[in-house]
Amino acid sequence: MAIATRSKERVPRSRAPRSTSRATHSLIPGSKSGSFWFYLLPGLSLLTLIIVVPLLWNVYLTFTSYRGIRPPEFIGLENWVELFGDTTFWTSFRNSVAMIIAMVVVPTVVGLVLAAMLFDLIGRKFGGRVASFLRATYYLPQILPGVIAAIVIGWILRPENGALNQVLAAVGLGNLQGNWLGDPATALPSIMVIMVWVQLGYPVVIFMAALQRVDPELYEAAELDGANWFQRFRAITVSIIRPEIFVVTLTCAIAALKVFGPIYALTGGGPGTSTIVPAYYAYSEFFQSQQVGYGATIATALTVVIAVVSIIFVLVQTRLERSEEAR
Amino acid sequence: MAVPTLTAQEAVQEPPRQRRRSGRARKTAGDWLILAVAVLIGLLIAVPFLLILANSFKSPTDYASGGPLSLPTALYFDGITAFWERVDFPRKLWNSFFISSVVAVLAVGISMFNAFALGIGRVRGRTWLVLLILLANMLPQEVLLYPLYFMFRQVGLYDSVWAVIIIFTVIQSAFGTYLLASVYGTFPKELLEAASLDGASRWQILWRVIFPISRPTLSVLLIFFFIWTWNEFLIPLTFLVGNDNQTVPVAITVLQGDRLMDVTTTSASALLGLLPTLIFFLIFQRTLTRGITAGAVK
């Protein structure tokens with residue numbers, strides 16, 4: 001069958017441009033792109049109902065004072081003016097930078113090194129079983145429901161008889177004991193360590209799968225040429241799995257900007273505002289202070305930031321993909 | 001780049017080839033060191049899980065005397081049974097399982113339709129459509145709570161598992177569309193051309209050519225969606241207020257405020273809460289790696 005199709009294959013390709021003069025082309029010969037809209041109907045109509053309408057509703061609420069009971073009262077740009085002068089809001093975005101370091105930068109870089117290490121060294125020298133067992137271990141925190149993770153972490157970091165303080169005492173470092181989540185100086189760093197722990201397995205799994213595309217002979221050839229491990233890593237590993245690096249970085253960046261669960265479960269943004277993040281700040285305005293209009297303003301500002309980051313990402317990615325196709 | 005380019009001449013040189021062969025069999029001290037580091041990282045990551053395991057089978061008095069780090073002196077199952085009965089665990093398990101499975105199947109279906117139009121159909125403005133769809137992933141979930149609460153109230157779906165199913169189908173399929181659309185964008189043209197020459201309609205091409213070939217990627221999405229939906233918290237907490245509709249994570253959290261919950265029961269609840277996804281993950285681990293490889297997350 002393969003032979004038969006190959007001989008016919010050129011015919012439609014050369015004829016297609018004439019028959020569908022101006023319309024854009026699908027990958028299926030003779031099918032105009034426009035006729036594929038039908039397949040987008042279920043997805044786009046659900047999206048409109050569940051996402052677009054609530055989003056527009058929120059944008060409307062940002063121009064109102066609304067406490068959840070009496071109908072929203074239009075107040076113009078008051079919420080937005082307040083937002084830009086709100087130090088808590090700026091603190092929350094500063095903490096977002098910490099979350100990006102803990103959930104994007106560190107996991108991607110360390111995950112890349114770990115994946116290459118497992119695949120290139122451990123997998124080859126000690127067998128694939130050892131490598132996939134370790135990979136599964138790294139992935140464990142990802143399958144743990146966030147609230148359960150919070151319960152356990154809460155115990156480990158608890159000031160009295162928490163596991164971490166006990167271990168410190170046992171090895172003679174008792175003076176390092178602390179109220180990890182209750183002290184403003186250590187709360188944010190503790191959360192960052194926890195987020196690295198949660199996120200690390202995700203890039204490792206994706207990158208290791210991607211690495212299987214790499215021809216092992218490429219590594220052997222480079223090794224023969226005297227390239228050391230780091231050189232092989234940079235020139236072969238990183239360049240071949242670049243698409244996955246994009247997917248991982250973007251999805252992690254979105255997750256980091258809208259992180260909510262761990263903060264809600266572990267610190268509630270405190271002590272003070274030392275671990276507050278935009279999503280939690282919006283939540284507390286929505287449901288604790290009942291300042292729905294202001295909560296909507298924070299949430300909308302956050303959405304705009306996330307959208308801008310994502311748009312830049314996707315546009316760069318598309319451009320790279322196109323330039324690769326052209327090659 | 002940094003790596004010297006390989007010429008055919010160098011590749012056939014004898015001495016290095018021998019060195020390679022012996023290097024493969026022999027493990028150097030450095031290799032063992034790297035293995036040790038990798039295992040150590042694994043252990044550090046696993047510590048919280050080992051703690052859950054150790055404390056779930058302790059009696060409260062055992063915990064009081066030995067603290068969280070000791071091994072249980074005797075196996076004690078009352079914590080687990082107490083939690084099991086108190087929350088009517090089988091019921092919660094079924095709710096979580098039902099919601100997560102239906103979401104996984106529906107979201108994969110919608111992702112596939114979307115990606116068919118965007119990746120294969122190349123409809124106009126597809127980059128912007130992908131971004132619009134990705135909005136579902138980008139929105140902080142708090143944004144959805146008030147409006148959807150009113151909307152689901154209106155249509156009588158408040159406190160129904162279907163409200164949660166519909167919401168997560170949309171949210172998960174955003175990621176699926178993003179990933180699948182780029183996979184389909186690189187779909188082998190020859191296959192599509194052959195199928196269309198054979199007279200297959202678009203619908204037939206989707207189900208007879210594209211679906212079987214991308215099945216590994218689809219099953220990876222299915223597994224991701226199942227686990228992600230299972231672990232969701234805020235939306236199920238808001239929309240499933242009735243005891244009969246609650247999911248496992250919600251049931252566990254709601255109990256945390258309960259004065260009758262001692263530490264070992266809490267630990268037992270954590271163990272029961274993580275076991276289902278753990279088992280699910282172990283069963284499908286292989287599919288996960290094989291799937292991404294075959295489909296290539298492009």
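1. What percentage of the 327 residues of chain A count as buried? In this predicted model, the share of chain A that counts as buried is 43%, a figure that may be read alongside the overall dimensions given next.

2. The radius of gyration of chain A is 26 Å, whereas a compact globule of 327 residues would have one near 20 Å. Taken along the principal axes, the box that the C-alpha atoms of chain A fill is roughly 75 × 60 × 30 Å.

3. As to its secondary structure, chain A comes to 16 helices and two strands. Among the contacts in chain A with a separation of 6 or more, 65% are accounted for by residues that lie 24 or more positions apart.

4. The contact between the chains draws 94 residues from chain A and 91 residues from chain B. On the side of chain A that touches chain B, helix H3 (residues 37–61) of chain A supplies the largest share, namely 14 residues, and by class this side has 63 nonpolar, 20 polar and eleven charged residues.

5. Helix H6 (residues 128–143) of chain A deserves a separate remark. Its 16 residues reach 22 Å from the first C-alpha to the last, which is close to the 22 Å expected at 1.5 Å a residue, and yet H6(A) has a kink of about 30° at A:Thr137, shortly before the proline A:Pro141. Both A:Thr137 and A:Pro141 are buried, and the buried residues of H6(A) also include A:Ala131, A:Leu134, A:Arg135, A:Tyr138, A:Gln142 and A:Ile143.

Definitions and conventions
Residues are numbered from 1 along each chain as its sequence is written. Chains are lettered from A and ligands numbered from 1 in the order in which they are written. This is a predicted model: local features need pLDDT of at least 70, side-chain atom pairs count only at pLDDT 80 or more; totals for chains, interfaces and linings use all residues. Two residues are in contact if their C-beta atoms, placed from the backbone, lie within 7 Å. Helices (H or I, at least four residues) and strands (E, at least two) are DSSP runs, numbered from the N terminus. Ala, Val, Leu, Ile, Met, Phe, Trp, Tyr, Cys and Pro count as nonpolar, Asp, Glu, Lys and Arg as charged, and the others, Gly among them, as polar. The expected span of a helix is 1.5 Å times one less than its number of residues. The bend at a residue is the angle between axes fitted to the seven residues ending there and the seven starting there. A residue is buried if 20 or more other C-beta atoms lie within 10 Å of its own, exposed if 12 or fewer, and partly exposed in between; C-beta atoms are placed from the backbone. The radius of gyration is taken over C-alpha atoms; the globule rule is 2.2 Å times the number of residues to the power 0.38.
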